[in-house]
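Please open the model in a viewer and keep the sequence at hand. The tour below proceeds by selection, with a description at each stop.

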Amino acid sequence: MSQTNLERPSFLDSNDEPESVTSWNETTQKLRIIVLGSGFAGMSFVKAFNRYATPIHNYVEVMVISRRDYHLFTPLLYQVATGLTDEHHVADPISKKSKKSNYSIFEAEVLSIDFKSKTIMTSIGRLRYDILIIGLGSVSNDFGIKGVAENAIALKTLSDGEKIRNRILESFEKSSMLASSNGLKRTYLTFAIVGGGATGVELAGSVRDYVRQLCGKYYRIDPDETRVILLEASNRLLPGSTTQFAEKCRKDLESAGIEVRTGASVVRVDPIGVVLSDGSRIETSNVFWTAGTKVNPVVAQIPETMVMKKRGRIAVNGYLEVQNVPDVYAIGDNAWITSGSDATTAPPTAASAVQEGEYLGKYVASKLIDKPIQTPFSYNDQGVTLSLGRFSGLSQLPNGIILSGFAGWLMWRLVHLVRISTMRNRLGVMFDWTLSLLHRRIVIRTD
Ligand SMILES: Cc1cc2nc3c(=O)[nH]c(=O)nc-3n(C[C@H](O)[C@H](O)[C@H](O)COP(=O)(O)OP(=O)(O)OC[C@H]3O[C@@H](n4cnc5c(N)ncnc54)[C@H](O)[C@@H]3O)c2cc1C
């Protein structure tokens with residue numbers, strides 16, 4: 001069943017209008033489940049479905065359509081950007097896995113979904129589905145702010161991580177040729193991270209460490225000539241966390257030498273600076289954008305007359321079914337789910353996407369074997385853990401207890417090591433972390 005080549009597969013319909021949907025037990029003798037996206041949600045669905053659908057494996061084909069044949073472990077992306085972890089250790093190849101498992105993966109761009117004809121349009125042609133799982137994730141949001149797309153670097157993909165590392169090293173290289181009296185030197189050595197959510201906070205902490213190490217070990221630059229600034233538009237860091245947690249985070253970042261500016265809304269970015277809403281300007285050639293995400297364009301295209309949406313995400317019921325559209329489910333960042341007796345909204349995080357994918361894999365399998373599980377999805381909050389730099393972390397357990405400093409840092413490392421899905425990558429990351437403890441980060445530019 002495994003198929004990983006990129007040739008046009010025989011089951012693809014042409015680009016013309018598709019025939020009527022082939023259904024269960026008629027022509028193909030197989031029910032086709034299409035999973036859009038190979039992220040946290042999509043791959044968790046596939047793994048759970050494989051486990052629970054054993055009695056019907058011969059009657060079902062599961063096809064994953066994704067633009068990449070690897071699963072990106074986004075929580076470690078900021079470490080790629082700051083030379084802590086090798087990029088190969090955060091990308092988990094899935095095409096290899098599919099050989100042993102009961103699914104196929106096709107590298108293709110999903111272009112649109114047509115619920116009426118039960119087809120999806122992809123860069124390799126049109127495909128029919130019997131059951132559709134939408135897990136395409138989100139994309140970086142520049143909020144239409146002038147100059148962001150051209151001059152800032154987002155942190156969303158593997159190549160974004162490399163671009164940030166390249167930019168930091170390039171800025172050091174350029175600044176090392178300039179005298180301290182040259183104003184441009186300061187511009188090169190100022191690093192602005194825009195967005196004080198979890199990603200921005202972790203990136204800022206790690207950029208601070210990286211920059212210090214570059215000064216001490218690789219360049220003759222006084223660390224006092226460098227600046228790391230974290231800009232957040234709202235009046236506090238980590239929106240969504242408790243005030244106590246957010247304040248502790250700010251304090252820890254500031255004591256590490258990071259300038260934290262809240263209420264600082266960016267209105268323009270140019271090649272050598274950032275302009276804030278109060279008219280002030282920060283001279284910098286390094287703007288890293290972690291200010292937020294927006295819904296995937298394929299999901300954004302689906303008209304609200306067809307599916308109900310909340311903040312662009314598809315509103316699903318307790319079984320993750322898209323309302324009024326038969327056989328379609330949405331999970332991960334694409335779904336808006338309120339669950340539990342207190343109607344908690346599942347957050348757009350990897351932790352939540354994994355829970356949703358696992359639930360749905362089990363639920364769809366149970367429906368197909370005619371024993372549908374009755375309990376709806378319920379999001380289980382497992383707390384939050386952040387790395388703020390070398391030996392510094394901040395974790396809040398589900399019971400509210402906060403661990404900071406070394407304990408918070410250790411908790412972060414343990415949680416993330418467990419979550420990495422392959423032994424190869426886990427060992428790779430452990431190796432990288434050991435080297436970094438010896439002050440050896442990756443200092444090569446890949447462009
Ligand atoms: C830098 C960063 C750090 C993060 N850190 C954490 C963290 O520490 N903890 C945490 O819980 N969450 C974290 N998150 C959030 C987390 O990554 C997301 O919430 C999670 O990835 C959502 O899972 P998903 O499966 O919905 O989407 P994704 O994991 O983004 O997967 C989407 C999939 O769809 C594919 N795709 C998208 N569009 C198309 C298309 N048009 N055609 C074909 N394929 C397509 C993608 O290639 C990908 O395989 C972080 C996010 C970022 C960006």
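This is a predicted model. The tour begins in a loop: select D370, which lies between α10 and β26. Is D370 buried or exposed? Its relative accessible area is 66%, above the 50% cut-off, and D370 therefore counts as exposed. Although D370 is not a glycine, its phi is positive, at about 65°.

**Second stop: L238**

Select L238, in the loop that runs between β13 (227-232) and α8 (243-255). Here too the residue is other than glycine and phi is positive, near 45° for L238. The relative accessible area of L238 is 7%, and the residue is buried.

**Third stop: helices α1 and α10**

Now select helix α1 (residues 40-52) together with helix α10 (residues 350-368). Two packed helices are described by the angle between their axes and the distance between the axes. For α1 and α10, the axes come within 7 Å and cross at roughly 35°. The crossing of α1 past α10 is right-handed. To display the contact from the α1 side, show F40, A41, S44, F45, A48, F49 and Y52. On α10, the residues to show include A350, A353, V354, G357 and E358, and further along L360, G361, K362, V364, A365 and L368. Colouring this contact by class gives 13 nonpolar, 3 polar and 2 charged residues.

**Fourth stop: helices α11 and α12**

Move to helix α11 (residues 405-419) and helix α12 (residues 423-437), whose axes are 10 Å apart and which pack at an angle of about 155°. Why are these two helices described as roughly antiparallel? Their angle of about 155° is over 145 degrees, so α11 and α12 are roughly antiparallel to each other. Their crossing is right-handed. On α11, select W409, W412, R413, L417 and V418; on α12, the partners in the contact are R426, V429, M430, W433, S436 and L437. The residues of this contact divide into 8 nonpolar, 1 polar and 2 charged.

**Fifth stop: T385**

Keep W412 displayed and add T385, which belongs to strand β26 (residues 384-389). The side chain of T385 reaches the backbone nitrogen of W412 at 3.5 Å. Which side chain makes a polar contact with the side chain of T385? That partner is S395, at 2.8 Å. For the wider surroundings, leave aside the neighbours of T385 within four places in sequence and select its contacts: E202, L394, S395, G408, M411, W412, V415 and H416. T385 has 16% relative accessibility; this is under 20%, so T385 counts as buried.

**Final stop: K118**

Finish at K118, in the loop between β6 (110-114) and β7 (119-122). With a relative accessible area of 18%, K118 is buried. Show the side chains of K118 and D327 together: a polar contact of 2.5 Å joins them. Then select G195 and draw the C-alpha to C-alpha distance from K118, which is 39 Å. In sequence, K118 and G195 are 77 residues apart.

Methods: Residues are numbered from 1 along each chain as its sequence is written. This is a predicted model: local features need pLDDT of at least 70, side-chain atom pairs count only at pLDDT 80 or more; totals for chains, interfaces and linings use all residues. Side-chain values use heavy atoms; hydrogens and water are left out. Helices (H or I, at least four residues) and strands (E, at least two) are DSSP runs, numbered from the N terminus. Buried means under 20% relative accessible area, exposed over 50%, partly exposed in between (1.4 Å probe, protein chains only). A polar contact is a pair of N or O atoms within 3.5 Å; within protein, one must be able to donate a hydrogen and the other to accept it, and residues adjacent in sequence count only if both atoms are side-chain atoms. Contact means heavy atoms within 4.5 Å. Axes are lines fitted to C-alpha atoms, for helices over the stretch in contact, and angles run from 0 to 180 degrees between N-to-C directions. Angles under 35 degrees count as roughly parallel, over 145 as roughly antiparallel, 65 to 115 as roughly perpendicular and the rest as oblique. A crossing is left-handed if the near helix is turned anticlockwise from the far one by less than a right angle, and right-handed if clockwise. Ala, Val, Leu, Ile, Met, Phe, Trp, Tyr, Cys and Pro count as nonpolar, Asp, Glu, Lys and Arg as charged, and the others, Gly among them, as polar.
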